[in-house]
Amino acid sequence: MGQLDGKTIIVTGAAQGIGAAYARGLAEEGANVVVNDVGDTSALVEEITKKGGVAIGIIADVTDKGQIAEMVSQTVDKYGRIDGVINNAALFGKLLRQRFEDIDINEFDNVMRINVRGVWQVSRAVVKVMRGQGYGKIINIASGTVFKGTPMQLHYVTSKGAIIALSRAMAREVGEDNICINVIAPGLTESEAVINEGQFSKKHFDANIAGRCIKRAEQPEDLVGTAIFLLSQDSDFITGQVLCVDGGSVTH
Ligand SMILES: NC(=O)c1ccc[n+]([C@@H]2O[C@H](COP(=O)([O-])OP(=O)(O)OC[C@H]3O[C@@H](n4cnc5c(N)ncnc54)[C@H](O)[C@@H]3O)[C@@H](O)[C@H]2O)c1
């Protein structure tokens, strides 16, 4: 028996990287997984279903009100409810590491739009369904960079700080409805985006590993167990919290 048997969970930005690892892990625990992304989700959906898991792919932009509404209604039509959401979609891997005075204003706005407004937009759409059920779990993805004050990606770090503030305030508004909202703050993780986009040097990786209690590189799979816990009934009395999953890089 899986920890998420029969639960329906949307993972945004799940076509690749850490989002894909969440989707695989949730399916293995018995969830009906909605794999969302702006990019093609078919390969992952096929992989999950071939292994006996339950998944559908829905292409939708997390900042487009109409596309979100369509994703929510397709999910409810197909599975009857929405038990959980992981707001994982973000602009990250492709962002240049540069001084804050050099960041393009449009790029700053884009990061805020997708990383912050997108989380609010998806949350406000699913919370209506969750309120009707009297139950739901939302996980928002921040970053250890907030606690480190990591330089050279000011828009990104700022957006992830906002995720913590937003999640705490949202959690206060939905507790009465049995809806839990928590945050996972990953450390630097070897997702495809991080490896392929080449924004981080070996020196940067080595320094990150050296600063951890557990001295090895973080993999997308390292984050999955915490997500399953926060989506399962085992965490029904935990809300408004931030869990740093980074091998003890920051303590919070
Ligand atoms: N990899 C790391 O080191 C690390 C560390 C801390 C936090 N995180 C966070 O974890 C999450 C996943 O990171 P990743 O490394 O797998 O990056 P990634 O770039 O591979 O994943 C982001 C996904 O979001 C999708 N996406 C972007 N804009 C979207 C939109 N408007 N609507 C829907 N989908 C959209 C992308 O297509 C992509 O598949 C992000 O929130 C990231 O900020 C990553």
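## The ligand site, pockets and cavity

Of the 27 residues around the ligand, those that come nearest are Q16, D37, Y156, T189 and S191, where a residue counts as near if one of its heavy atoms lies within 4 Å of the molecule. The structure is a predicted model, in which local features need pLDDT of at least 70 and side-chain atom pairs count only at pLDDT 80 or more, while totals for chains, interfaces and linings use all residues. Residues are numbered from 1 along each chain as its sequence is written, and side-chain values use heavy atoms, with hydrogens and water left out.

Several polar backbone atoms face the ligand, and the table gives their distances; a polar contact is a pair of N or O atoms within 3.5 Å.

| Ligand atom | Protein partner | Distance |
|---|---|---|
| oxygen | I18, polar backbone atom | 2.9 Å |
| nitrogen | V62, polar backbone atom | 3.0 Å |
| oxygen | T189, polar backbone atom | 2.7 Å |

Taken alone, the ligand exposes 820 Å², of which the protein buries 93%, the accessible areas coming from the Shrake-Rupley method with a 1.4 Å probe. Two or more residues of the shell around the ligand come from each of α1 (17–28), β2 (32–37), α6 (154–174) and α7 (192–197); these elements are DSSP runs numbered from the N terminus, helices (H or I) having at least four residues and strands (E) at least two. The shell is made up of 15 nonpolar, nine polar and three charged residues, with Ala, Val, Leu, Ile, Met, Phe, Trp, Tyr, Cys and Pro counted as nonpolar, Asp, Glu, Lys and Arg as charged, and the others, Gly among them, as polar.

The ligand sits in the largest pocket, a placement that requires more than half of its atoms to lie within 2 Å of the grid points of that pocket. On a 1 Å grid over the protein atoms alone, a pocket is an open set of points with protein on both sides within 12 Å along at least five of seven lines, a cavity is a set where a 1.4 Å probe fits but cannot get out, and lining residues have an atom within 4 Å of a point. The volume of the largest pocket is about 1100 Å³, and of its 47 lining residues A90, L91, F92, G93 and A193 are the closest to its centre. Helix α7 provides the largest share of this lining, five residues, and the lining as a whole divides into 20 nonpolar, 19 polar and eight charged residues.

The second largest pocket holds about 160 Å³ of space and is lined by K65, I68, A69, V72, Q121, R124, A125 and K128. Helices α3 (65–79) and α4 are the elements that give two or more residues to this lining, which by class has four nonpolar, one polar and three charged residues.

A search of the whole structure finds one cavity of 30 Å³ or more, and the largest cavity has a volume of about 40 Å³. Its lining consists of T12, V62, N87, N88, A89, I114, G118, V119 and V122, and helix α4 (residues 105–133) gives the most to it, with four residues. Five of the lining residues of the largest cavity are nonpolar and four are polar, with no charged residues.

Methods
A polar contact is a pair of N or O atoms within 3.5 Å; within protein, one must be able to donate a hydrogen and the other to accept it, and residues adjacent in sequence count only if both atoms are side-chain atoms. Grid points are joined across faces, edges and corners, and a volume is the space filled by probe spheres set on the points.
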